[in-house]
Amino acid sequence: MNRYVVAALVALALSGCASVVQKNFKVFADPPDAEIRVVSGAGLTEQKYRSPARVTADVPNDPALASKAVLEVRRDSYKPVAMPLSAIKEGQTLNIKLEKIVQSLARYRLSFRMVEPSSSDTLQFRDAMIAVSFTVNDQSFQMRFENLTASDVKILWDRAEYTDVYKRMHRLMHSGIRFQDRNNPIPAQTVPPRAAVQEAVIPIDKVFMSQQKKGYEVQPLFSLDSDAAAGLKGKTVVLFIPVEINRQIIAYSFKIEIADSVKEAIKG
């Protein structure tokens, strides 16, 4: 009986060893500071390299897993290149040149108007308690917030949200928060009586760490360099900014419509 148990264990071990095929290869990337990313093994683990890279990777025999085992080379402002590890030969040397993304010679200029909670072509709102105005920049909404009351007003930033043109919701941050702290709870901001604050309001997931520049960057609110921007006309975004006044929470929802999208030539 023990003999059969041992034989079964040996067969199982051999089966496990045969679940992947190991490959060794080299990667030379152009530009040389491109990131080389390899996903391999039965667990599809990720490893990152810099050029020139000597890579040892395990390619799963399971077709479903093998399709997800890939080599990817990418860098900001270049088109990424990806290939399955199964297509790479043992001992092969890969020379991968990335294609630089050529900026369009035209871009779109958007115009905006507020449609809720009141209609305003100048993106302004006022009631008995607050006065708010917005300017839409490439990377942020510039907001001027004025407290019209005799009490403190708290802007509840940790509950604030942005709904984009695709109806996806994002957390918001303001310019008083460091980029590295953006994923932490954001404290309420107190605006004293009869006072005003000016903030850049940014969707948190538009902020990213650039490996190329080794610092934080902010992606544009809207992609204006492609013809897809022409279809933005008539679409809306929403800035949900709740406030607390005298222990009462008031939810302000500012719906902004893209009133027009005009194609313009970029001057050299």
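At 23% relative accessibility, R37 counts as partly exposed, and this arginine makes a convenient entry point to the predicted model described here. R37 forms a salt bridge with E72, in which the closest N and O atoms are 3.2 Å apart. The two partners come from distant parts of the chain: R37 belongs to strand β2 (residues 35-40) and E72 to strand β5 (residues 70-74), with their positions 35 residues apart in numbering. Unlike its partly exposed partner R37, E72 is buried, because its relative accessible area of 15% falls under the 20% cut-off. The pair does not stand by itself, for E35, R37, E46, K48, E72 and R74 are linked in a network of salt bridges.

A search of the whole structure finds 17 salt bridges, and two further examples are worth a visit. Side chains of opposite charge can pair when their charged atoms come close. In one of these examples, the side chains of R113 and E257 meet with an N to O distance of 2.7 Å. This bridge also links distant parts of the chain, joining R113 in strand β10 (residues 106-116) to E257 in strand β22 (residues 248-265), 144 residues apart. Here R113 is partly exposed at 29% relative accessibility, whereas E257, with a relative accessible area of 17%, is buried.

The other example pairs D158 with R171, whose closest N and O atoms are 3.0 Å apart. D158 sits in the loop between β14 (153-155) and β15 (161-163), while R171 lies in strand β16 (residues 169-174), 13 residues apart. Both ends of this bridge count as partly exposed: D158 has 39% relative accessibility and R171 has 32%.

Attention now turns to the pockets. The largest pocket holds about 1000 Å³ of space. Its lining comprises 32 residues, of which D76, S77, F208, E217 and Q219 lie nearest the centre. Two elements, β19 (207-210) and β20 (215-218), give two or more residues each to this lining, and β19 gives the most, with 3 residues. By residue class, the lining of the largest pocket divides into 10 nonpolar, 10 polar and 12 charged residues.

The second largest pocket contains about 260 Å³ of space. Among the 17 residues that line this second pocket, Y166, R168, K206, L221 and F222 are the closest to its centre. Its lining is made up of 9 nonpolar, 4 polar and 4 charged residues.

Terms used
Residues numbered from 1 in each chain as written. Predicted model: local features only at pLDDT ≥ 70, side-chain atom pairs only at ≥ 80, totals over all residues. Heavy atoms only, no water. 1 Å grid on protein atoms, 1.4 Å probe; cavity = no way out; pocket = protein on both sides within 12 Å on 5 of 7 lines; lining within 4 Å. Points joined across faces, edges and corners; volume = space filled by probe spheres on them. Helix = DSSP H or I, 4+ residues; strand = E, 2+ residues; numbered from the N terminus. Nonpolar A, V, L, I, M, F, W, Y, C, P; charged D, E, K, R; others polar. Salt bridge = Lys/Arg side-chain N within 4 Å of Asp/Glu carboxyl O. Buried < 20%, exposed > 50% of the residue type's maximum accessible area, 1.4 Å probe, protein only.
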